[in-house]
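Welcome, and please get your viewer ready. We will go from stop to stop, selecting a few residues each time and looking at what is there.

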Amino acid sequence: MIQIENINVSYQQTLALDNITLNLEGPSITGIIGPNGAGKSTLIKALIGIIPHSGKILFNKQPIRQQLNRISYVAQKADFNFPITVRECISLGLYPKTKFFKRLSKSDWSKVTDALTLLGLNDLAHRQISQLSGGQFQRVLIARCLVQEADIILLDEPFVGIDSVSEDIIMNTLRELRDKGKLILIVHHDLSKVPHYFDQVILLNRKLIASGPTNLVFNEDNLRKTYGNSLFY
Ligand code: ADP
Ligand code: MG
């Protein structure tokens, strides 16, 4: 379980997160929902300790910053332009569990092969990542998360600008991971898919509006509080 207690984050003058307190129970696929600038990415960055904040974040009762090896993270619009192949890119998920410069074992490579298969990337294994479509590249990043075998997976707007086939493949992979016990947190924009995608939601607009099971929390009243009335005209 993740416990977030009294988190505040400020950037210069902007108070990006205002006293956020909530608990997250796994296994689940939880959506972080809110308008532009609501602090969704900031919340994820606080979880992985790359942003200074006050308050406490615990995973299984211990500070999460001491357990970062149990988290996989894919940033919003991640792109890196190393000249590497799809298969090599996925294998990077195995470091630093394996030592850098140490050759990967047979069983390491079989994890990479399994991830390639699960995400429908077998035919692209030897292609340069620079030659992929957005959806194919996002699948590579999810495959890289998979081989990390982390307990917590954090994805910031993974479906923006990708094709629907990739989106479906990724969602199905995430559901399998959830069923194996993982806690998955996804920053997400498209409200129409929320009930279909998420067991739980966090509605955020600088302050926490609501969090809990989607069927209880994702309602018109809470959406008004999150987005204002503009959403309904
Ligand atoms: P979201 O992901 O919900 O769109 P963010 O967490 O990226 O929102 O940003 C929350 C607020 O903090 C916004 O007002 C944004 O402009 C501001 N902000 C984000 N990152 C920085 C930064 N590095 N420096 C200054 N302000 C920032
Ligand atoms: Mg963001």
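Which residue with a positive phi follows α1? Select G49: its phi is positive, near 75°, and it comes after α1. Keep in mind on this tour that you are looking at a predicted model.

**Stop 1: helix α1**

Now select α1 itself, residues 40-47. Is this helix enclosed or open? Seven of its eight residues are buried, so α1 is largely enclosed by the rest of the structure. Colour the buried ones to see them together: K40, S41, T42, L43, I44, A46 and L47.

**Stop 2: the magnesium ion**

Keep S41 selected and add ligand 2, which is a magnesium ion. Which residues coordinate the ion? They are S41, through its OG atom, and Q76, through OE1, at 2.0 to 2.5 Å. S41 belongs to helix α1, while Q76 sits in the loop between β6 (71-74) and α2 (86-91), so the pair ties together parts that are 35 residues apart in sequence. Compare how the two are covered. S41 has a relative accessibility of 18%, so it counts as buried, the cut-off being under 20%. Q76 has a relative accessible area of 38%, which makes it partly exposed.

**Stop 3: A16 in strand β2**

Select A16, a residue of strand β2. Its relative accessible area is 7%, so A16 is buried. What touches A16? Leaving aside neighbours within four places in sequence, A16 is in contact with V9, S10, Y11, A38, G39, T42 and R206. One of these, T42, is a buried residue of α1 from the first stop. For a view across the model, draw a line from the C-alpha of A16 to that of R103: the two are 87 residues apart along the chain, and 43 Å separates them.

**Stop 4: three loops**

Begin with Q12, in the loop between β1 (2-11) and β2 (14-24). Q12 is exposed, with a relative accessible area of 76%. From its C-alpha to the C-alpha of L203 is 24 Å, and their positions lie 191 residues apart in sequence.

Next, go to the loop between β2 and β3 (28-33), where you will find P27. Is the peptide bond from G26 to P27 cis or trans? This bond is cis, with omega near -10°.

Then move to K61, in the loop between β4 (54-59) and β5 (62-63). K61 has a positive phi, near 75°, although K61 is a residue other than glycine. With 63% relative accessibility, K61 counts as exposed.

**Stop 5: E157**

Another positive phi awaits at E157, about 50°, and this residue is not a glycine either. Look for E157 in the loop between β7 (152-156) and α5. Is E157 buried or exposed? At 9% relative accessibility, E157 counts as buried.

**Stop 6: α4 and α5**

Select helix α4 (residues 134-148) together with helix α5 (residues 164-179). Their axes are 9 Å apart and make an angle of about 15°. The two helices are therefore roughly parallel to each other, as angles under 35 degrees count as such. Their crossing is left-handed. To see the contact, show G135, Q136, Q138, R139, I142 and L146 of α4 with S166, I169, I170, T173 and L177 of α5. Among these contact residues are five nonpolar, five polar and one charged.

**Stop 7: α3 and α4**

Keep α4 and add helix α3 (residues 106-118). Here the packing angle is about 140°, with the axes 9 Å apart. That makes α3 oblique to α4. The crossing of α3 with α4 is right-handed. On the α3 side, show K111, V112, A115 and L118, which meet A143, L146 and V147 in α4. The contact residues divide into six nonpolar, no polar and one charged. L146 is worth a click, since L146 also takes part in the contact with α5.

**Last stop: T214**

Finish at T214, in helix α7 (residues 214-217). T214 counts as buried, at 7% relative accessibility. Which residues does T214 touch? Not counting residues up to four places away in sequence, they are V194, P195, F198, D199, Q200 and V201.

Conventions:
Residues numbered from 1 in each chain as written. Chains lettered and ligands numbered in written order. Predicted model: local features only at pLDDT ≥ 70, side-chain atom pairs only at ≥ 80, totals over all residues. Heavy atoms only, no water. Donors = N, O, S within 2.8 Å, 3.2 Å for Na, K, Ca; no water. Helix = DSSP H or I, 4+ residues; strand = E, 2+ residues; numbered from the N terminus. Buried < 20%, exposed > 50% of the residue type's maximum accessible area, 1.4 Å probe, protein only. Axes fitted to C-alpha atoms, helices over the stretch in contact; angles between N-to-C directions. Parallel < 35°, antiparallel > 145°, perpendicular 65-115°, else oblique. Left-handed = near helix turned anticlockwise from the far one by under 90°. Contact = heavy atoms within 4.5 Å. Nonpolar A, V, L, I, M, F, W, Y, C, P; charged D, E, K, R; others polar.
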